[in-house]
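Let's take a walk through this protein chain together, from its interior outward. Please keep the sequence and the 3D view open side by side as you read.

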Amino acid sequence: MTIKTNRIITIGLALLFILSFLMPALRGPLGIELNGFSVFGANMATLVFVEGLSDYLLFLYTALTNVWVVLLLIWSVRSKVKTVPTLILSLLAVTSAFSWKFNMEGDGVLLMGYWFWVISIVLIISFTIYRSFRPPLI
């Protein structure tokens, strides 16, 4: 794979990831639909309600998902990607992305934006892992 092809794929994946933030992702208690940016902001606001270490670790686990995905995007552009850190970061990103499904009361509150977000994360992880097993870029 050439550097140009790698960058085009990475930019496309980044655009898919950003697009997921513009879609409705969560239906609130009064039927209000929140887009991905609003859900991200609401999740950051839960830091105020953290009482103990376990709550803080759970907050970090869900709040850092987007940071981990951005790191994976950055790593996919590098000429040489290390496999072990990529696998660890990928595992953290995919499990924390799916943890949102299990933290919600039912599937009716998660909308198309959430599923698009999860699919974009899985695609980014797949590409970065693929890159980690390939020889360095030319």
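## The nonpolar core

The largest nonpolar core has 22 residues, of which Phe17, Trp117, Ile121 and Ile124 touch the most other members. Such a core is a set of buried Ala, Val, Leu, Ile, Met, Phe, Trp, Tyr and Cys residues joined through side-chain atoms within 4.5 Å, and buried means under 20% relative accessible area, with exposed over 50% and partly exposed in between (1.4 Å probe, protein chains only). Two or more core residues come from each of α1 (3-22), β1 (24-27), α4, α5 (83-103) and α6 (112-133). The top contributor is α6, with 7 residues. In soluble globular proteins, nonpolar side chains tend to be buried together.

A word on the model itself: it is predicted, so local features need pLDDT of at least 70 and side-chain atom pairs count only at pLDDT 80 or more, while totals for chains, interfaces and linings use all residues. Residues are numbered from 1 along each chain as its sequence is written, and side-chain values use heavy atoms, with hydrogens and water left out.

## The chain as a whole

The protein chain has 6 helices and 2 strands, arranged along the sequence as α-β-β-α-α-α-α-α. Helices (H or I, at least four residues) and strands (E, at least two) are DSSP runs, numbered from the N terminus. The C-alpha trace spans about 55 × 30 × 20 Å along its principal axes. Of the 138 residues, 34% count as buried. Among contacts (heavy atoms within 4.5 Å) with a separation of 6 or more, 66% join residues 24 or more positions apart.

## Helix α6 and its partners

Helix α6 has 22 residues and reaches 32 Å from its first C-alpha to its last, close to the 32 Å expected at 1.5 Å a residue; the expected span is 1.5 Å times one less than the number of residues. Its buried residues include Trp117, Ile121, Ile124 and Thr128. An α-helix has 3.6 residues a turn, so residues three or four places apart point the same way. The cover over the buried residues of α6 includes α1, β1, α4 and α5.

Ile124 shows this packing from the α6 side: leaving aside neighbours within four places in sequence, Ile124 is in contact with Leu13, Phe17, Val69, Leu72 and Leu73. Val69, in helix α4 (residues 65-77), is buried, with a relative accessible area of 0%. Which residues does Val69 touch, not counting those up to four places away in sequence? They are Phe17, Ala93, Ile121 and Ile124. Val69 also lies 8.3 Å from Leu89, C-alpha to C-alpha, with their positions 20 residues apart in sequence.

Asn66 sits in helix α4 too. Asn66 counts as buried because its relative accessibility is 11%. Beyond residues up to four places away in sequence, Asn66 touches Phe17, Phe21, Phe40 and Trp117.

For contrast, turn to Glu51, in the loop between α2 and α3. Glu51 is exposed, with a relative accessible area of 74%. The C-alpha atoms of Glu51 and Asn66 are 23 Å apart, although 15 residues separate them along the chain.

## Empty space

Rolling a probe the size of a water molecule over the atoms shows where empty space is left. On a 1 Å grid over the protein atoms alone, a cavity is a set of points where a 1.4 Å probe fits but cannot get out, and a pocket is an open set with protein on both sides within 12 Å along at least five of seven lines; lining residues have an atom within 4 Å of a point. Grid points are joined across faces, edges and corners, and a volume is the space filled by probe spheres set on the points.By this rule there is 1 cavity of 30 Å³ or more. Of the 16 residues that line the largest cavity, Gly36, Val39, Phe40, Trp100 and Trp117 are the closest to its centre. Elements giving two or more residues to this lining are α1, β1, α2 (36-45), α4 and α6.

The largest pocket is lined by 14 residues, and the closest to its centre are Asn43, Thr46, Thr62, Trp100 and Asn103. Here α2, α3 (53-63) and α5 each give two or more residues to the lining.

The table sorts lining residues by class: Ala, Val, Leu, Ile, Met, Phe, Trp, Tyr, Cys and Pro count as nonpolar, Asp, Glu, Lys and Arg as charged, and the others, Gly among them, as polar.

| Space | Volume | Largest share of lining | Lining by class |
|---|---|---|---|
| Largest cavity | about 200 Å³ | α2, 4 residues | 9 nonpolar, 7 polar, no charged residues |
| Largest pocket | about 380 Å³ | α3, 4 residues | 9 nonpolar, 4 polar, 1 charged residue |
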